[in-house]
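Biologist: I'd like a close look at one single residue and the part of the fold around it. Could you walk me through what sits there, and then zoom out to the rest of the chain?

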Amino acid sequence: MMIIIGVCNGEVYKVGESSGWTNIAPLHYKSWAASKNFHVGDIILFEYNKQFHNVVRVTHKNFNACNSISPYATWATSNDSFTVTRPGHFYFICSFPGHCQSGQKVDIRVPKEHEHGPTPGPLPSGPSPKSPPKSGPSPRSPSAPGPSSVPPMQSPTSGGSCLPSWKLWVLVVAVGLSAAF
């Protein structure tokens, strides 16, 4: 029997790097975020002086307007983290007066690449000439996908990833079935 421990290998990204979450230095959070390759399972870390800043997760509309009314969440401990649980955009601002307007806001964009199932369909532009051959399920387990159809987890140094729970379940079933035979 095989037991899998540790599902996620997410990276930790400190917003603003060594400067942290602030409006003092002319930081460019937009270019900082654009230079990163965020994935499901990553942790976005906000470090700041809580006397002068906070972190507010808002809608896209409120992000553009620097409006902290009706936030999804507000943090104010000076060392706050947000774990990416799904693809999409995650918008954060500082709600202290004038801070968002001066650029203390960040859009964390997580591509939808992790939503695909174990065997994605053909690409819209047709198959790539260098596409690897697809392997089918094991002859011993016709109802369970083979281990090769589950994408491997990445190491933390390669950007991090987190297998969605159903993929982990499929992997555990596939490994369990192959061990039983």
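Modeller: Let's start with the company Gln 104 keeps. Setting aside neighbours within four places in sequence, Gln 104 is in contact with Trp 21, Thr 22, Asn 23, Tyr 29, His 53, Ile 93, Cys 94 and His 99. Keep in mind that this is a predicted model. One name on that list deserves a second mention: the side chain of His 53 makes a polar contact with the side chain of Gln 104, at 3.1 Å. As for where Gln 104 sits along the chain, look in the loop between strand 6 (88-93) and strand 7 (105-110). Is Gln 104 buried or exposed? Its relative accessible area is 0%, and since buried means under 20%, Gln 104 counts as buried.

Now zoom out a bit. The protein chain has three helices and seven strands, and along the sequence they come in the pattern β-α-β-β-α-β-β-β-β-α. Of its 181 residues, 35% count as buried. The chain exposes about 11,100 Å², and carbon and sulfur atoms supply 60% of that. If you take contacts between residues at least 6 apart in sequence, 70% of them join residues at least 24 apart.

Next, have a look at a sheet elsewhere in the model. It is an open sheet of three strands in the order 1-2-5, with mixed pairing. Strand 1 (12-14) and strand 5 stand at the edges with a single partner strand each, so one side of each has no neighbour in the sheet. On average, neighbouring strands here are turned by 25° against each other, direction ignored.

As a reminder, strands of a sheet pair through backbone hydrogen bonds, either parallel or antiparallel. This sheet has both kinds of pairing. Strands 1 and 2 run parallel and are joined by three bridges, with Tyr 13 standing opposite Ile 44 in strand 2. Strand 2 (residues 43-47) and strand 5, on the other hand, pair in the antiparallel sense over five bridges. Within that pairing, Leu 45 has Ser 81 of strand 5 as its bridge partner.

Strand 5 (residues 79-83) is also a nice one to click through, as its side chains alternate. Asp 80 and Phe 82 point to one face and are buried. Asn 79, Ser 81 and Thr 83 point to the other face and are not buried. So you can add Asp 80 and Phe 82 to Gln 104 on your list of buried residues to inspect.

How values were computed. Residues are numbered from 1 along each chain as its sequence is written. This is a predicted model: local features need pLDDT of at least 70, side-chain atom pairs count only at pLDDT 80 or more; totals for chains, interfaces and linings use all residues. Side-chain values use heavy atoms; hydrogens and water are left out. Helices (H or I, at least four residues) and strands (E, at least two) are DSSP runs, numbered from the N terminus. Buried means under 20% relative accessible area, exposed over 50%, partly exposed in between (1.4 Å probe, protein chains only). A polar contact is a pair of N or O atoms within 3.5 Å; within protein, one must be able to donate a hydrogen and the other to accept it, and residues adjacent in sequence count only if both atoms are side-chain atoms. Contact means heavy atoms within 4.5 Å. Accessible areas come from the Shrake-Rupley method with a 1.4 Å probe; for residues, only the protein chains shown count as cover. Two strands pair if DSSP finds at least two bridges between them. Axes are lines fitted to C-alpha atoms, for helices over the stretch in contact, and angles run from 0 to 180 degrees between N-to-C directions.
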